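Visitor: Please take me closely through one part of this model, the packed interior and the loops that lead away from it. I would like the cut-offs stated as you go.

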Amino acid sequence: MYHTYKKVSTRRYTMKKIDALTKEKLIELTKNGRTVLEFSADWCPDCRFLDPFMPEIEKDFADSEFYQINRDNSIEVAKDLAILGIPSFVVYQDGQEIGRLVNKDRKTKDEVESFLRSLD
């Protein structure tokens, strides 16, 4: 008996990952449209807690471009933006910051979605 197998995508994020964000790259990424930056780190358990539901959030806010920023390799930008705890979110619209959810607390799917909805 022969079996046919379908390849199933294992990609967890459509979110683009940026290992090191510079001030110049920040300006470029955020200049057009809605941009959501998630500051994170691989070692952060509260950041990894977000992984399972971020694809749903991205789908629900499809008008936004999502980027996961490695905070440890983006210290200068993180300092400039006062990112003192992770995971943290900063949202831009056409180059202007319009909202932030910045603290060291674990965030739930509902908290992140509520925050993003509050910006409309």
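Guide: A residue is called buried under 20% relative accessible area, exposed over 50%, and partly exposed in between (1.4 Å probe, protein chains only). The model is predicted, so local features need pLDDT of at least 70 and side-chain atom pairs count only at pLDDT 80 or more, while totals for chains, interfaces and linings use all residues. Residues are numbered from 1 along each chain as its sequence is written, and side-chain values use heavy atoms, with hydrogens and water left out.

The interior is a good place to begin. The largest nonpolar core (buried Ala, Val, Leu, Ile, Met, Phe, Trp, Tyr and Cys residues joined through side-chain atoms within 4.5 Å) has 18 residues, and Leu21 and Phe39 have the most contacts inside it. Two or more residues of this core come from each of helix H1 (23–30), S2, S3, helix H4 (75–80) and S4, where helices (H or I, at least four residues) and strands (E, at least two) are DSSP runs numbered from the N terminus. Beyond the residues up to four places away in sequence, Phe39 is in contact (heavy atoms within 4.5 Å) with ten residues' worth of surroundings that include Leu21, Ile69, Val77, Ile86, Pro87 and Val90. A second, separate core has 15 residues, among them Phe61, Phe89, Val91 and Val112.

Helix H1 has Leu26, Leu29 and Thr30 as its buried residues. These fall within an arc of 80 degrees when seen down the axis of H1, so they line one face of the helix; the arc is taken from the directions from the helix axis to the C-beta atoms. Glu24 and Ile27, on the other side of H1, are exposed. The partners against which the buried residues of H1 pack are strand S1 (16–18), S2, S3, H4 and S4.

Serine 40 lies in strand S2 and is buried, at a relative accessible area of 3%. Its side chain makes a polar contact of 3.3 Å with the side chain of arginine 48, a polar contact being a pair of N or O atoms within 3.5 Å, one able to donate a hydrogen and the other to accept it, with residues adjacent in sequence counting only if both atoms are side-chain atoms. Serine 40 also touches Cys47, Gln68 and Ile86, among others. Cysteine 47 pairs with cysteine 44 in a disulfide (sulfur atoms within 2.5 Å), with the sulfur atoms 2.5 Å apart. Both cysteines are buried, and the torsion about their S-S bond is about 75 degrees, so the disulfide is right-handed.

The loops come last. Most residues other than glycine have a negative phi, and most peptide bonds are trans. In the loop between H4 and S4 sits proline 87, and the peptide bond that joins isoleucine 86 to it is cis, with omega near 0 degrees. Alanine 82, found in that loop between H4 and S4, has a positive phi of about 55 degrees and is partly exposed, with a relative accessible area of 39%. Aspartate 94, in the loop between S4 and S5, has a positive phi of about 50 degrees, and at 46% relative accessibility it counts as partly exposed.
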